[in-house]
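Welcome, and please open your viewer. We will walk through this structure one selection at a time.

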Amino acid sequence: MSITASEILEALIAATDDNKIWASELALHHEKTSRRVDFWTLEPVRSKGFRAQAYEIKVTRADFQRDTVEKQSGALQYADRFWYVTPPDLLRLDETPEWAGLLEWTGKKFEIKRKAPPREKVDPTWPFLVSLLRNCGEMRRDVGLLKAELAFYRSSHARDQRIEKLKKDIFWEGMIAKSKRSHATPRAIP
């Protein structure tokens, strides 16, 4: 069974608590570079330290082998924990960097192979906040599209209601006409 990055991302989204803020393909600007992390979550609770976790999805060994701490510097900067998320048995524990946890998606559940170590994160910057707002799973920038879809559904609903009313009117008009016909012509009694 081959597991794709899209399937893992969908599973991460599905497994994320509704109280968390999440973003996919979050751009992280760090020291004149801009990299993306596949998935990022924030627990918006002050008493819990606004815990943030970064998830980097890898579905091939070659992709993992090209990864470096420099490439992940933005994710490491803005996360309390960093996870590699892979299909089962893609990585060995001894090749996973000490700054990362390993989470495997079996196709049905996540299995923690190595817990991500806690890290110190920095305060968010304006470029980070803009990226978060652009990519947040709780928001969508396509307001125009949403308004058009809402207008379409309202129009469809209004049309369906008009058709239903016409059907009822036609039915009752037919019943009234039938009733008038049966009362208008007296029948001869044999």
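Helices and strands here are DSSP runs, numbered from the N terminus: a helix has at least four residues and a strand at least two. With those names, you can find the rim of an open space: β2 and α4 each give at least two residues to the lining of the largest pocket. Keep in mind that you are looking at a predicted model.

**Stop 1: the whole chain**

Show the protein as a cartoon and colour it by element. You should find 5 helices and 6 strands. Starting at the N terminus, their order is α-β-β-β-α-α-β-β-β-α-α. Of the 190 residues in the protein, 33% are buried. Now think about contacts between residues at least 6 apart in sequence: 53% of them join residues at least 24 apart.

**Stop 2: the pocket**

Select L42, F50, K121, P124 and F128. Of the 17 residues that line the largest pocket, these are the closest to its centre. The space in this pocket is about 310 Å³. Which element gives the largest share of the lining of the largest pocket? It is α4, with 4 residues.

**Stop 3: around α4**

Stay with α4 and select F128, S131, L132 and N135, the buried residues of this helix. They sit on the same side of α4, because they cover an arc of only 100° around the axis. A general rule helps here: an α-helix has 3.6 residues a turn, so residues three or four places apart point the same way. Next, add W126 and R134, which are exposed on the face of α4 turned away from its buried side.

**Stop 4: the largest core**

Now select L26, W40, F82 and Y84. Within the largest nonpolar core, which has 22 residues, these have the most contacts. At least two core residues come from each of β1 (21-30), β2 (33-42), β3 (52-57), α3 (73-77), β4 (81-86) and α4 (126-135). Such a grouping fits a general pattern: in soluble globular proteins, nonpolar side chains tend to be buried together.

Zoom in on L26 and look for residues beyond four places away in sequence. L26 touches R35, R36, V37, W40, F128, S131, L132 and N135. You have already met four names in that list, F128, S131, L132 and N135, as the buried residues of α4.

There is also a second, separate core of 13 residues, and I3, I8, Y55 and V85 are among them.

**Stop 5: helix α1**

I8 leads us to helix α1 (residues 5-15), where I8, A11 and L12 are buried. Look down the axis of α1: its buried residues fall within an arc of 100°, so they line one face of the helix. Turn to the other side of α1 and you will see E10 and A14, which are exposed.

**Stop 6: β4 and its neighbours**

Select β4, where 5 of the 6 residues are buried. β4 pairs with β3 in the parallel sense over 5 bridges, and F82 in β4 is the bridge partner of A54. β4 also pairs with strand β5 (residues 101-105), in the parallel sense over 4 bridges. To see two of the matches, pick W83 and its bridge partner G101 in β5, then V85 and its bridge partner L103 in β5.

**Stop 7: inside β5**

Is β5 enclosed or open to the outside? β5 is largely enclosed by the rest of the structure, because 5 of its 5 residues are buried. G101, L103 and W105 point one way from β5, while L102 and E104 point the other way. In a regular strand the side chains alternate between the two faces of the sheet.

Add strand β6 (residues 110-114): β5 and β6 run antiparallel, joined by 4 bridges. Here L102 stands opposite R114 in β6. The hairpin of β5 and β6 has 4 residues between the strands, and its G107 takes a positive phi near 105°.

**Stop 8: two backbone oddities**

Finish with E25 and D89. E25, which lies in strand β1, is not a glycine, yet its phi is positive, at about 50°. With 37% relative accessibility, E25 counts as partly exposed.

D89 sits in the loop between β4 and β5. Its phi is near 60°, again a positive value in a residue other than glycine. D89 is exposed, with a relative accessible area of 69%.

Key: Residues are numbered from 1 along each chain as its sequence is written. This is a predicted model: local features need pLDDT of at least 70, side-chain atom pairs count only at pLDDT 80 or more; totals for chains, interfaces and linings use all residues. Side-chain values use heavy atoms; hydrogens and water are left out. A nonpolar core is a set of buried Ala, Val, Leu, Ile, Met, Phe, Trp, Tyr and Cys residues joined through side-chain atoms within 4.5 Å. Buried means under 20% relative accessible area, exposed over 50%, partly exposed in between (1.4 Å probe, protein chains only). Contact means heavy atoms within 4.5 Å. Two strands pair if DSSP finds at least two bridges between them. The arc is that of the directions from the helix axis to the C-beta atoms. On a 1 Å grid over the protein atoms alone, a cavity is a set of points where a 1.4 Å probe fits but cannot get out, and a pocket is an open set with protein on both sides within 12 Å along at least five of seven lines; lining residues have an atom within 4 Å of a point. Grid points are joined across faces, edges and corners, and a volume is the space filled by probe spheres set on the points.
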